[in-house]
Amino acid sequence: MPTPTFSFLRTAMVTALLSAAPLTLLHAEDPALDQQARQQGVPVDELRAFAEVMERIRGAYIDEVDDRELLESAIRGMLYELDPHSSYLTPDQFDDLQVTTTGEFGGLGIEVTMEDGFVKVVTPVDGSPASKAGIQAGDLILKIDETFVKGLTLGEAVELMRGEVGSEIELMVLSEGDEKPHQVTLTRDKIQLHSVKSRMLEPGMGYLRISQFQNNTGDDARKALDKLAKEDTLRGLVLDLRNNPGGVLGGAVEVADLFMDSGLIVYTQGREQSSRSDFNAKPGDRLNGMPMVVLVNGGSASASEIVAGALQDQGRAIVVGNRTFGKGSVQTVLPLSKDKALKLTTARYYTPDGRSIQAEGIEPDIAVDVVTKLEVREDMQVREADLPRHLNNENGESQNDGKRQSLAQEDYALAQALSVLKGVVLARSNEGR
């Protein structure tokens, strides 16, 4: 690790080289100065190339370009080449980042990343314009209005998708499995994130949906569990983290802690061994160890992968669905001068068993194929309960069968998760006899 003195000398040398005026002074070689700079770890040749490129742009580019714009573009390019999540934040972008953690922002309601130069959808937000328009996790956005995405940075693409509430935007989208892209017209709206929803799937079988992890998600989830417990005697719970893009680490830790009595939830590891940080559960399992199923898919990312990985490694829940997105990196926001900031990847997430989430994701214990509503209807056999004017069972079982079929048609993966949960509940009941 560089010493403070070394870092100061290196920074001073780079600053001196870049602040030299005119830039042509950097072209002249001074063997003594060059040797001194190299001894301090300063990349002299690369700095000369940078200065020469900047001078050529100033002198030969078709339009005049402001030096400050060029330098800011260089900063963005420097961060763009590091990884998809590090970025240079303008004051507006810094404000937007802070707003998303509170649960309210304006736009399309879509979480995106960059892949091969195109914008890739991580997940649409529940109830957002993107979700209502049928945009799905894995879709590629090729064009925004009249601007092709190829060549843009992620920040530039996101900026194009922002706008006044009520204004329209047209996206060219290529969905997985499609040979040709299609046009989607959306109306921008203010996105109100209600990150926690709950209901009873069947008597005793609770359902908790978390769409994003915000500052208050842990508290909201606790209240939702208390509400479910008042409605009926809980015997099991499905925790739905599908299409959850992540969010605040603290929110994820608090949610996982609701279902754990002790043990490691997640740890982060930076470049130095001494930078490891452990996050452990506090005593008190809100469900007292009752069976749990965690439902995930390819749109489950970051903080949602932390929760799924923790409950899976600790043997607290069965994970059902599809392999998750695989965003296992930690971003730290470092404020700069003049209300700007740097969002920089500083560590990786690891599950309690030491598995890195990065680019691997969480593999479910039980995989569930993605099935459309039409496929579910075609695969279902006709039963007596499906016939019009059929006689009801005097014990009410026919009505329950109808509910199960309706859930499978509405949400096949959730129906499968419920079946797994009921199986675990039944097995435990038999063990207790």
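# Exercises on a predicted protein model

The side chain of Arg-316 reaches the backbone oxygen of Phe-259 at 2.7 Å. We will come back to this arginine in Exercise 3.

The structure is a predicted model, in which local features need pLDDT of at least 70, side-chain atom pairs count only at pLDDT 80 or more, and totals for chains, interfaces and linings use all residues. Residues are numbered from 1 along each chain as its sequence is written, and side-chain values use heavy atoms, with hydrogens and water left out.

## Exercise 1: Confidence and overall make-up

Find out what the average pLDDT of the protein is, and which helices and strands it has by number.

*Solution.*
- Step 1. pLDDT is the predictor's confidence in each residue, from 0 to 100. The protein averages 85, and 82% of the residues score at least 70.
- Step 2. Look for weak stretches: over residues 20-25 the pLDDT is below 50, and this stretch has six contacts in the model beyond near neighbours in sequence. A contact means heavy atoms within 4.5 Å. Residues 398-402 also have a pLDDT below 50, with five such contacts.
- Step 3. Count the elements: there are 13 helices and 19 strands. Helices (H or I, at least four residues) and strands (E, at least two) are DSSP runs, numbered from the N terminus.
- Step 4. Turn to burial, where buried means under 20% relative accessible area, exposed over 50%, and partly exposed in between (1.4 Å probe, protein chains only). Of the 433 residues in the protein, 42% are buried.

## Exercise 2: Two helices

Check whether the length of H13 agrees with its number of residues, then decide how far H10 is enclosed.

*Solution.*
- Step 1. The expected span of a helix is 1.5 Å times one less than its number of residues. For the 20 residues of H13 (residues 412-431) that gives 28 Å, and the end C-alpha atoms are 29 Å apart, which agrees.
- Step 2. List the buried residues of H13: Ala-413, Leu-414, Ala-415, Ala-417, Leu-418, Val-420, Leu-421 and Val-425.
- Step 3. Now take H10. Eleven of its eleven residues are buried, so H10 is largely enclosed by the rest of the structure. Among them are Glu-305, Gln-312 and Asp-313.
- Step 4. Ask what covers H10: the cover includes E12, H9, E13, E15, E16 and E18.
- Step 5. Look just past the helix, where Gly-315 follows with a positive phi, near 65 degrees.

## Exercise 3: The surroundings of Arg-316

Is Arg-316 buried or exposed, and which residues does it touch?

*Solution.*
- Step 1. Locate Arg-316 in the loop between H10 and strand E16 (318-321).
- Step 2. Its relative accessible area is 12%, so Arg-316 is buried.
- Step 3. Not counting residues up to four places away in sequence, Arg-316 touches Phe-259, Asp-285, Leu-287, Gly-289, Met-290, Met-292 and Leu-311.
- Step 4. One of these, Asp-285, makes a polar contact through its side chain with the side chain of Arg-316 (3.0 Å). A polar contact is a pair of N or O atoms within 3.5 Å; within protein, one must be able to donate a hydrogen and the other to accept it, and residues adjacent in sequence count only if both atoms are side-chain atoms.

## Exercise 4: The nonpolar core

Which residues touch the most other members of the largest nonpolar core?

*Solution.*
- Step 1. A nonpolar core is a set of buried Ala, Val, Leu, Ile, Met, Phe, Trp, Tyr and Cys residues joined through side-chain atoms within 4.5 Å.
- Step 2. The largest one has 41 residues, and Leu-239, Phe-259 and Val-294 touch the most other members.
- Step 3. Elements that each supply at least two residues of this core include strand E12 (236-240), helix H9 (249-258) and strand E15 (292-296).
- Step 4. A second, separate core of 19 residues includes Met-114, Leu-154, Met-161 and Leu-186.

## Exercise 5: Salt bridges

How many salt bridges are there, and where does Arg-222 find its partner Asp-219?

*Solution.*
- Step 1. A salt bridge is a side-chain nitrogen of Lys or Arg within 4 Å of a carboxyl oxygen of Asp or Glu. The count comes to 20.
- Step 2. In one of them, the closest N and O atoms of Arg-222 and Asp-219 are 2.3 Å apart. The two residues are three apart in helix H8, so about one helical turn separates them.
- Step 3. Compare Asp-240 and Arg-242, whose closest N and O atoms are 2.8 Å apart in a salt bridge. Both Asp-240 and Arg-242 are buried.
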